[in-house]
Amino acid sequence: MFSGTAPIRIDPKKLAIETEFQTPILGIIPFSVTNQYTGIDFWNMLNEDKNSKC
């Protein structure tokens with residue numbers, strides 16, 4: 001609680017997340033990768049067990 005108010009809950013069903021990764025290839029050629037995730041997919045990705053990928 002902050003200042004007597006209840007925390008706001010985020011509904012992952014209503015979210016859309018877009019990530020963009022930019023890096024140069026060989027130091028000069030720009031390369032970009034853009035991914036779009038639903039809120040549920042992004043939530044699951046953040047909360048997955050890191051040891052289960054091994």
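Ala 16 stands opposite Thr 38 of strand β2 in this predicted model, and that pair of residues is a convenient place from which to follow the two strands. Strand β1 covers residues 16-25 and strand β2 covers residues 29-38, and the two pair in the antiparallel sense over 10 bridges. Together β1 and β2 form a hairpin, with 3 residues between them. Within that turn, Leu 26 has a positive phi of about 55 degrees, a backbone value that can be checked directly against the coordinates.

From the turn and the strands the path leads to the surface, where a nonpolar patch is formed by Phe 21, Ile 25, Leu 26, Ile 28, Ile 29, Phe 31 and Val 33, with about 720 Å² of accessible area together. The elements that give two or more residues to this patch are β1 and β2, and of these β2 gives the most, with 3 residues. Leu 26, the turn residue with the positive phi, is also one of the members of the patch.

One member of the patch can be examined singly: Phe 21 lies in strand β1. Phe 21 counts as exposed because its relative accessibility is 52%, and the cut-off for that class is over 50%.

After the strands comes helix α1, which comprises residues 39-47 and in which Ile 40 is found. Ile 40 has a relative accessible area of 35% and is therefore partly exposed. What is Ile 40 in contact with, leaving aside its neighbours within four places in sequence? The residues in question are Pro 12 and Lys 13. A separate distance relates this helix residue to Ile 17, since the C-alpha atoms of Ile 40 and Ile 17 are separated by 9.9 Å, although the two residues are 23 residues apart along the chain.

A last feature concerns aromatic rings, of which the structure holds 1 pair. This pair is formed by Tyr 37 and Phe 42, whose rings are 6.1 Å apart centre to centre, with 45 degrees between the planes, an arrangement that is tilted. Are these two rings buried or exposed, or in between? Tyr 37 counts as partly exposed because its relative accessibility is 25%, and Phe 42, with a relative accessible area of 24%, is partly exposed as well; the class of partly exposed residues lies between the buried one, under 20%, and the exposed one, over 50%.

Key:
Residues numbered from 1 in each chain as written. Predicted model: local features only at pLDDT ≥ 70, side-chain atom pairs only at ≥ 80, totals over all residues. Heavy atoms only, no water. Pairing = 2+ DSSP bridges. Helix = DSSP H or I, 4+ residues; strand = E, 2+ residues; numbered from the N terminus. Patch = residues over 30% accessible without salt bridge, like charges linked within 9 Å, V, L, I, M, F, W, Y side chains within 5 Å. Areas by Shrake-Rupley, 256 points an atom, 1.4 Å probe, with all protein chains shown as cover. Salt bridge = Lys/Arg side-chain N within 4 Å of Asp/Glu carboxyl O. Buried < 20%, exposed > 50% of the residue type's maximum accessible area, 1.4 Å probe, protein only. Contact = heavy atoms within 4.5 Å. Phe/Tyr/Trp six-rings, centres within 6.5 Å; stacked < 30°, edge-to-face > 60°.
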